[in-house]
Structure formats: structure tokens, C-alpha cells
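Biologist: I have a model open and want to learn to read it. Can we go feature by feature?

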Amino acid sequence: MPRTMTGVLIQDIMPLFSSRIGKALGGWMERHPNQAETIQEIRLRTGLPLCIGLPGHDHLIHSLVVSRADIDKTLSLITDCSYYALEDEFKGGYITIPGGHRVGLSGQVIAHADGGHKLRLISALCFRIAREVKGVAEHIVPKLMSSDGSIASTLIISPPGCGKTTFLRDLCRILGHGLSSCSLRPAQVAIVDERSEIAACYGGVPQLDVGPRADVLDRCPKAKGIGMLLRSMNPDVIVTDELGGEDDARAVAMALSGGVKVIASCHGRDLDDIRSKPYSEWLVSRGYFTKAVVLSKRHGPGTIEYVGDIM
Amino acid sequence: MAAKLEKQLDELGRFELALLTLSNEISYSLSSLPKALVNAGHKVGGDTGTLFTLIGSLCGLEQRRTVEEGFRLALEQAEGLDLPGCVVEIMGSLVKNLGVWGSKEQVSFIDMALGETRNYRACVQEEYLKKARMYRSLGLLFALGIVIVLL
């Protein structure tokens, strides 16, 4: 049974806060039960009021000013009291916690001479609550079938914030289960999740539902990950997020030449926009991708503008 | 008296070993701190081992407690433990810096605690030897006194 947002917050997020923040947040949720169901973010900034992010606006709880001790306690808990073990992940500016929620971090950055950097004295945390929307891709899958009865290599195109990743995640889930309505057999799905957004792994284990046949390479660069999966996991379909550079394009071409289907997302307004970008154009014009889905937020995130062949 | 000092020396030795194990777990295995504390506790045994195991099992994300909170609760739950005062004192200040630093800094803090423990252990060892010498001399004098009385 799906959990309500209030349930998610009470179970996954609130125990990570100091008791005074938990009390203030709990009190606000009790007073605003409808708004509590739409919470997208919770921001803790040292010396500033607690901030609750809602769709389109935010709300500051002025009666509660977040202290350094509040941040330290939360930081200690989200790192499982093991900051040292997550030092490398901290360089990326965020970590994933159980439940698939992401915690963004900011504070003092110490730059090293070798080009590396370290994040210290963390003074602000942003909890982005993970939300699963199942079934969004279900009615689209029949339109993405190729003539051999399997899924076609597909490009998911949209500007940021239009639900590309949610769509990809649902597609992974459907591919893993198969879909009887279009005679799609279950497939071995391999996911290269460079930004931990598709599967939201915690300790290497997906926290969001990506189906029963998914192998995930978490936080792995796409080009490297595609090669590794091809050699090691014998996938039917490789799924990855936000194709960009030359290396990504070459890796995708390599996978497709090897007979593996690829489903990937990339930033763009529409197919013409994709054709104006050198590496996406290269993949599209050579016929590596045969189908496309274009998403927008014209009627809210996930509005489908186009599904079909790439002409 | 000697037995008490012997017990103290034994626990201090265990505490040193536990700190070394903790340092190794952090630097080489990158184990999570609760796990590292439990592993160190199991390895060294004795009352010190019990304290480490308790702290490890009472802190972390699952228990929703920081190491410091875990330590305080462990001391409450482990009233029967016979630990040298310095172990509790050193551990008390170490837990404030455990799990909140990068690997390099973390090992430095453990090294500092290790240095303090070694100094304290050397003092206890010296006192133990001094007391042992004194009791030996007293024993000899007493035996000599008895011989003289008997003669």
C-alpha cells in the first residue's frame, strides 16, 4: 500500500532531525494537513528559520531558527555517524538516504592544488523528498515497440523538471515486469545511474522501484558504466539519464551496435532542438535511436507532447 | 590493591587495542562507525569490549542516535562494568569527534586518544611496579622479623 507523504516524512525524515525541529515540523504538519501532503523539500540553514518547500512556493517557520547543533545532529545521523566513509560522496554535494530521498549539502569548500575539493563545515542541508509515480509510462510503452516485439531504442526528451527521470524509472519497472497488453516479455534491465536519481541507491541497493530485473551501477559515469554493463551483466536494455558529451554518444553507439537496446533521456525542448546539438544529432541521424518521447510541463510535469518514430 | 591495578592495566591494554582496531577499520575498511565499534568491542573483549559493543549497537542511523548519545546511554546501561576512570574520560572526549570528520582527521583524533591512554598506562604500570617492590620488601622484612622472633 503506498505511503502518504505525511507517512513518509514521519517514518523517513523526521527521526533524522533534532527533537525541537521534529516538534516544530510535526506541529506545522498537524495544522496544515493538506499542504503537508505536498511537501517537496525541507531546508535547514544555520542561523535561519526552518524552510518547507511546497509546489511553487515555500514556507518559513520563524519560530524555529536552526542552530549549528541541529545541523550537526542531522549530519551525524544521515552519515550513520561515519562522515569519513562518505567523504567522496560529499564531494558531489549530496547523499542519498534510506527511502531514496536526497540530502543536498552546502558549507565551506576547501579547494586542493590538484584540482580536488573537500566540503567542510556544512551549514545547510536540503532534504528533497523522493516521490514515486508509477504507471506514467504504461500507456506509452505499446507505442515504443519495435517490429521484433521488443522495446525500441528510445530517447526521452524534455527540458529540466518535466518528469524525464520519473518516466525512465517507470519504464525500467515495466520492462522488468513485461507488459502483457503489448506482448512485451520481461527484460534484463541495466541502469547506469550517474546522479543516483533513477534508482536512488542507498548502500548500493535501489530505494525506488525499478522493477524485478534491474541491475544498477550507481554514481558511475555513463560512458564507463555502459561499457562495464555490456561486459559484465548481459543486459537486454540499458537505461541511462541525461546523455550529453561525445563519450556518452560513443558508449551508446557501442551498446546499440552490440544488439542491446538503449533508453536514455536528454535535455531539449523537442526533436529539432535535439538535432541542433552535435552529439544527440549524431546519434539520431545515424539511426541509433528510432523512437522518441517528448515531455513538457504544459499541463503539469509529465505532459506528453510527442511519442513515435524519429523521422 | 595489586589485583585492582592488574585489572586496570588489563583494561587499559584492551582499550589501546580497541582504539587501534577502530583506527584500522576507519582507514582501511571504511566500515561504518557503529559496525567498527562493535567489531573492535568483539575483538578486545573484557569490560572495555562490552563498552565498545554497546556504544556501537546504540548509535547510528538505525538507532537514530549520535555517537555521543550512544556513549551516554551505554554508560547508563553498563553500570556493572569495572572500567578505569581514564577509559571513560578519554572515550568521553573522543566520542565528541568520532564520525564527524574525514578519514585523516578521524585517525588523528584516535591517535591522540591512543597517546593519552599509553601515558596513563605507563603511570599505572610504574605504580604497579613500585607497589610490587614495596610489598616484596615488606614481605621480606616480615619474614625476617618472624625468623628473628623464632630464634
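Modeller: Start with a hairpin; the model is predicted. Strand 5 and strand 6 of chain A form one, with five residues between them. In that turn, Gly115(A) has a positive phi of about 95°.

Biologist: How many bridges join strand 5 of chain A to strand 6 of chain A, and which way do the strands run?

Modeller: Ten bridges join strand 5 and strand 6 of chain A, and the strands run antiparallel. For the register, take Ala111(A): His117(A) in strand 6 of chain A stands opposite.

Biologist: What separates strand 4 of chain A from strand 5 of chain A in their hairpin?

Modeller: Three residues lie between strand 4 and strand 5 of chain A in that hairpin. Gly99(A) there takes a positive phi near 100°. These two strands are antiparallel and are joined by four bridges. Ile97(A) stands opposite His101(A) in strand 5 of chain A. Thr96(A) stands opposite Arg102(A), also in strand 5 of chain A.

Biologist: How should I think about side chains along a strand?

Modeller: In a regular strand, side chains alternate between the two faces of the sheet. Now the sheet here. It is open, has six strands in chain A and follows the order 3-2-1-6-5-4, with antiparallel pairing. Its edge strands are strand 3 (57-65) and strand 4 of chain A, each pairing on one side only. From one strand to the next, the twist averages 30°.

Biologist: Which strands does helix 4 of chain A lie across?

Modeller: Helix 4 of chain A lies across strand 1, strand 4, strand 5 and strand 6 of chain A. Relative to strand 6 of chain A, the helix runs at about 90°.

Biologist: Why is helix 4 of chain A described as largely enclosed?

Modeller: Count buried residues. Helix 4 of chain A (residues 68-78) has eight of its eleven residues buried, so the rest of the structure largely encloses it. Among the buried ones are Asp70(A), Ile71(A), Lys73(A) and Leu75(A). The cover over the buried residues includes helix 2 (19-31), strand 1 (41-45), strand 4 (94-97), strand 5 (101-111) and strand 6 (117-128) of chain A. After helix 4 of chain A comes Asp80(A), with a positive phi near 55°.

Biologist: How do I describe two helices that pack together?

Modeller: Two packed helices are described by the angle and the distance between their axes. Take helix 8 (residues 246-257) and helix 10 (residues 278-285) of chain A: their axes come within 9 Å and cross at roughly 15°. Angles under 35 degrees count as roughly parallel, so helix 8 and helix 10 of chain A are roughly parallel to each other. The crossing of helix 8 of chain A past helix 10 of chain A is right-handed.

Biologist: Which residues of helix 8 and helix 10 of chain A meet?

Modeller: Helix 8 of chain A brings Glu246(A), Asp248(A), Ala249(A), Val252(A) and Ala253(A). They meet Tyr279(A), Trp282(A) and Leu283(A) in helix 10 of chain A. By class, this contact has six nonpolar, no polar and two charged residues.

Biologist: How many residues does each chain give to the contact between chain B and chain A?

Modeller: Chain B gives 17 residues and chain A gives 13 residues. On the side of chain B, helix 2 (33-44) and helix 6 (103-150) of chain B are the elements that give two or more residues. That side has nine nonpolar, seven polar and one charged residues.

Conventions: Residues numbered from 1 in each chain as written. Chains lettered and ligands numbered in written order. Predicted model: local features only at pLDDT ≥ 70, side-chain atom pairs only at ≥ 80, totals over all residues. Contact = placed C-beta atoms within 7 Å. Nonpolar A, V, L, I, M, F, W, Y, C, P; charged D, E, K, R; others polar. Buried ≥ 20, exposed ≤ 12 C-beta atoms within 10 Å, placed from the backbone. Axes fitted to C-alpha atoms, helices over the stretch in contact; angles between N-to-C directions. Parallel < 35°, antiparallel > 145°, perpendicular 65-115°, else oblique. Left-handed = near helix turned anticlockwise from the far one by under 90°. Pairing = 2+ DSSP bridges.
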